[in-house]
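Please explain how the aromatic rings and the second largest pocket of this structure are arranged, going step by step from ring pairs to the pocket lining.

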Amino acid sequence: MASLYEIPIERINGIGEKRARLYNKLGIYSVGDLIRNYPRAYEDWSNVTDVFSAQVGQTCCIRATVDVAPAPHVIISGKIMASARASDETGFVKLVFFNNRYIDSLIKPGCEYLFYGKLTDSSGIKEMVNPSFQPSGEEIPIHPIYSQVAGLSTKVIETAVKKALKMLPEKIKDPLPENIRTEFDIIGLKEALMNIHFPSSSEDIEAARRRLIFEELLVLVIGMKSIKAMSETQTSVRINGDYTDEFVKLLPFKLTSAQRRAIDDCIADMTKNSKAMNRLVQGDVGSGKTMVAAAVAYTCIKNGSQAAMMAPTEILARQHFESLDRLLSPSGITVALLTGSMTAKQKRIVLEKLEAGEIQLLVGTHSLISDNVVFSDLGVVITDEQHRFGVRQRATLLAKGADPHLLVMSATPIPRTLALMIYGDLDISVIDELPPGRQEVETFFINDSIRQRAYGFLKKNIKEGRQCYIVCPAVDNTESGLIGVEEYAEDIRKNVFTEQTVGVLHGKMKPAEKDAVMNEFIEGRIDILVSTTVIEVGVDVPNSTVMMIENAERFGLSQLHQLRGRVGRGQYRSYCILVSNATGAEAVKRLKALCSTNDGFKIADEDLKLRGPGDFFGSRQHGLPELKIADLAENVDVLRDAQSAAQQVMPEYLDQTNSDYRVLRAEVRQLFDDVGTQLN
Ligand code: ADP
Ligand code: MG
C-alpha cells in the first residue's frame, strides 16, 4: 500500500496531465491518495421499485424498459437536450438528459435499465432529470459518491478508483498488528478499502468505516503520544517537600476532594520524578481552580522557588493578585502584580525585587512574558484559562526558568477523550465537583415580549441589595447592526433603571478605565454592569445574582455557560435570563439545553454535537492534523478503543528496531507532516 503513494495518478489508464490537475484540486496526487479518498456518501440501488410505487419527491431506483429512445438536439439556451421514455407494466416515466450528446448510444430502445434519481412531477407525468442508469442485471447495489470538482464527476472518479484498487498487491501489509485487530474486532485493510468504495451491503460499509476510523484515530493518538514523549524535559527545579497540609490550614474552607486530588496529582508530578510537570487542570466555572494553583505555588515557594501566574486579562490578574495576597502574605510570602497598565516606575520596583528573589509569587498578564522580566529562581509557571494563550506564549514564559514545572488551568469543559487529543502533550486532572452549598443558577429563555418583566426582576434583586450583569454581543452597532453596550446602557439608564446605577464595560476601553469600572462593581457602587463578553473569564463578584444575556443566540453554548458562571458564586439564589427572538429549531434547542442543565461537561458535549469540533476548538489552530474519515465528536467510542490500543502498542511502537510497526510509523509521520510536526 505504502508504495502506491509513490505512483503518480497519471499512471492510471484514462488520466492524462489535464485530468490529473483536477484530481490535484481534490488533494489527490498519487494512486494511494485516490484509494484513500473515501466516498462522502452512497447511492443505494438495492431498493428497486416499479414505476407506480415510485414516489414523486423521493430519490428512487426504477427498473424499466426504454420505449422511446432519446434524440439529442440543441435547445434555445445552446444546451443539448434529449427526452426518452421508459415503462414497466405499472406505468411509464419520462427521462430528460442534458448535455450528453452520446446518450442515444448509451440508452437503447427495447432494453431494460435501472434508473436512479429524484422523481419529479411534470404536469402530472412522473419525470427524472439526468438520472444515473445501468443495464439491468449488471447492477452494483451500492454506488459510492465522491466529492467532485468541475470537470471531474463522481462517476469518473468511481471508474478511476476501480482501476486503482486493482493495483493493490494481492497481500498488503496491514499497519495494524494482528492481535490488535482481533482484540478490537477490526477487519483487514484490504477488505476495508475494497468495501469502503464498493460495498455490497450497509454492514460492509459499517465494518469498513470502523476499521478506517480506528486506524486514523490510532495514528492520531500515537502521534500525540510521540510528541509528548519528545517534549518531556528533565527539570533542575528541586521540589522535595509537600506543604499542602500546611497550606490547607490557611484556608477558610475545606478543599473539595476533587480539588485535593488535583493538587495531589500536581505535587506527585513535581516531587516523584525528575521530569518537569506538564499538567492541565480542567474544572467547570466555580470549581475552585484558583486554590489548586495557590497550593502548587505554595509548595514550590516553600521549597525555595518562585512561582508565576499568568491570567488573560488585567481584571482577572488583579483579582487573583488580591485573593492570593490576602491568603499567602500572612505566612510571609510576598505576592506582587505586574500588568501593562502600571507606571514604568511601579514596574521597575517589581522587576528589581523579582530578580533579587524578594518576590515569591508574581501574578500578571501577558506582560510577564516581556524580556525584562527576570526571575531569580522560577520553579513553576501557572497559566489560567489556557485557551486564551498560545503554546508559544507558554513556552516563552517557561524559558524564564531552568525547565520549570507547568500547570495549565482551563474552565472550558471539554469531553475528556477530546481533551486528551487537544492537549496531547499534557497530563490531565479534572475537578468534577463544585464546593458545597453552591447554588445552581436557574436559567430562563425569554423573548422580547416579556423584557419589561425581566427588568422588573432585576429591580427586585437590586432592591434586595444584589447586583446584576447585562451582556450584549457587540460594543457598538456600526458593523454588527446589533445594539451596542454604550447605547444600550444609555437607553436603560434613561428609560428603565432611573433610580439605579448603571456601569459600562467593554474591551475597547483602556485598561485603567476597565479596572476603575470593575472596582466600582466589586465594591457595590454599580448596580447593573452592562458589558460585552470581557467579563466572561473568571471574574468573581459573589454579590451578583442575575445575568441577563441579550441576543443569546449569538453565543456558543459553552460561552453562555461561562457567562452564567459569573453569578451563583455567593450564598444567594442566582438566575440567568437568556433573551432571544430566535425561532429556528436549532437555536431554540441550544438555548433550552442550557436551561436544563448546569453541568459544563454535558453542555460541552451538546455544543460539540451541534457545532462540530472545528467550531468548538478552531481545531486547526490547535495544530491537530486534518482527518479524512474520523470525526472527533461522533466517533467517541472508536476513539476510546484507539486510545486503549495506543496504550498497549506504544512501547513496541517506540522501539525503532521492531519492524512490525514500520507501516504504522510511516502513517503517523505522514499525518503529522501535514501540520509541520517532525516525528521520528
Ligand atoms: P474557578 O474554578 O472558576 O476559577 P474560583 O477558583 O474562582 O473558581 O473559585 C470560585 C469561588 O469558590 C471563590 O470565591 C473561592 O474562594 C471559592 N472556593 C474555592 N474552593 C472552595 C471550597 N473548597 N469551599 C468553598 N469555597 C471555595
Ligand atoms: Mg478561575
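A residue counts as buried when its relative accessible area is under 20%, as exposed when it is over 50%, and as partly exposed in between. The model discussed here is a predicted one.

With that scale in hand, we can turn to the aromatic rings, of which the structure holds eleven pairs. One of these pairs joins Tyr113 and Phe133, whose rings meet edge-to-face with 6.4 Å from centre to centre and an angle of 85 degrees between their planes. Because Tyr113 belongs to strand β7 (residues 112-122) while Phe133 belongs to strand β9 (residues 132-135), this pair ties together parts that are 20 residues apart in sequence. As for accessibility, Tyr113 has a relative accessible area of 5% and is therefore buried, whereas Phe133, at 21%, counts as partly exposed, since the range for that class begins where buried, under 20%, ends. Tyr113 and Phe133 also belong to a wider arrangement, in which ring pairs link them with Phe97 and Phe115 into a cluster.

Another of the aromatic pairs is formed by Tyr653 and Tyr661, again edge-to-face, with the ring centres 6.3 Å apart and 80 degrees between the planes. Here Tyr653 is buried, at 3% relative accessibility, and Tyr661 is likewise buried, at 3%.

Rings also appear in this model beneath charged groups. The charged end of Lys79 sits over the ring of Phe98, at 5.6 Å from the centre of that ring, and Lys459 lies over the face of Phe497, with 5.7 Å to the ring centre.

From the rings we move to empty space. Rolling a probe the size of a water molecule over the atoms shows where such space is left. The second largest pocket encloses about 1,100 Å³, and 36 residues line it, the closest to its centre being Phe253, Thr290, Met291, Asp540 and Arg569. Since residues of both domain 3 (244-431) and domain 4 (441-597) contribute to the lining, the second largest pocket lies between these two domains.

Among the secondary structure elements, helices α10 (289-302) and α11 (314-328) each supply at least two residues of this lining, and the largest share, seven residues, comes from α11. In chemical character, the residues lining the second largest pocket divide into 13 that are nonpolar, twelve that are polar and eleven that are charged.

How values were computed. Residues are numbered from 1 along each chain as its sequence is written. Chains are lettered from A and ligands numbered from 1 in the order in which they are written. This is a predicted model: local features need pLDDT of at least 70, side-chain atom pairs count only at pLDDT 80 or more; totals for chains, interfaces and linings use all residues. Side-chain values use heavy atoms; hydrogens and water are left out. Rings of Phe, Tyr and Trp (its six-membered ring) pair if their centres lie within 6.5 Å; planes under 30 degrees apart count as stacked, over 60 as edge-to-face and the rest as tilted. Helices (H or I, at least four residues) and strands (E, at least two) are DSSP runs, numbered from the N terminus. Buried means under 20% relative accessible area, exposed over 50%, partly exposed in between (1.4 Å probe, protein chains only). A charge sits over a ring if NZ of Lys or CZ of Arg is within 6 Å of the ring centre and within 35 degrees of the ring normal. On a 1 Å grid over the protein atoms alone, a cavity is a set of points where a 1.4 Å probe fits but cannot get out, and a pocket is an open set with protein on both sides within 12 Å along at least five of seven lines; lining residues have an atom within 4 Å of a point. Grid points are joined across faces, edges and corners, and a volume is the space filled by probe spheres set on the points. Ala, Val, Leu, Ile, Met, Phe, Trp, Tyr, Cys and Pro count as nonpolar, Asp, Glu, Lys and Arg as charged, and the others, Gly among them, as polar. Domain bounds come from an automatic or database domain assignment.
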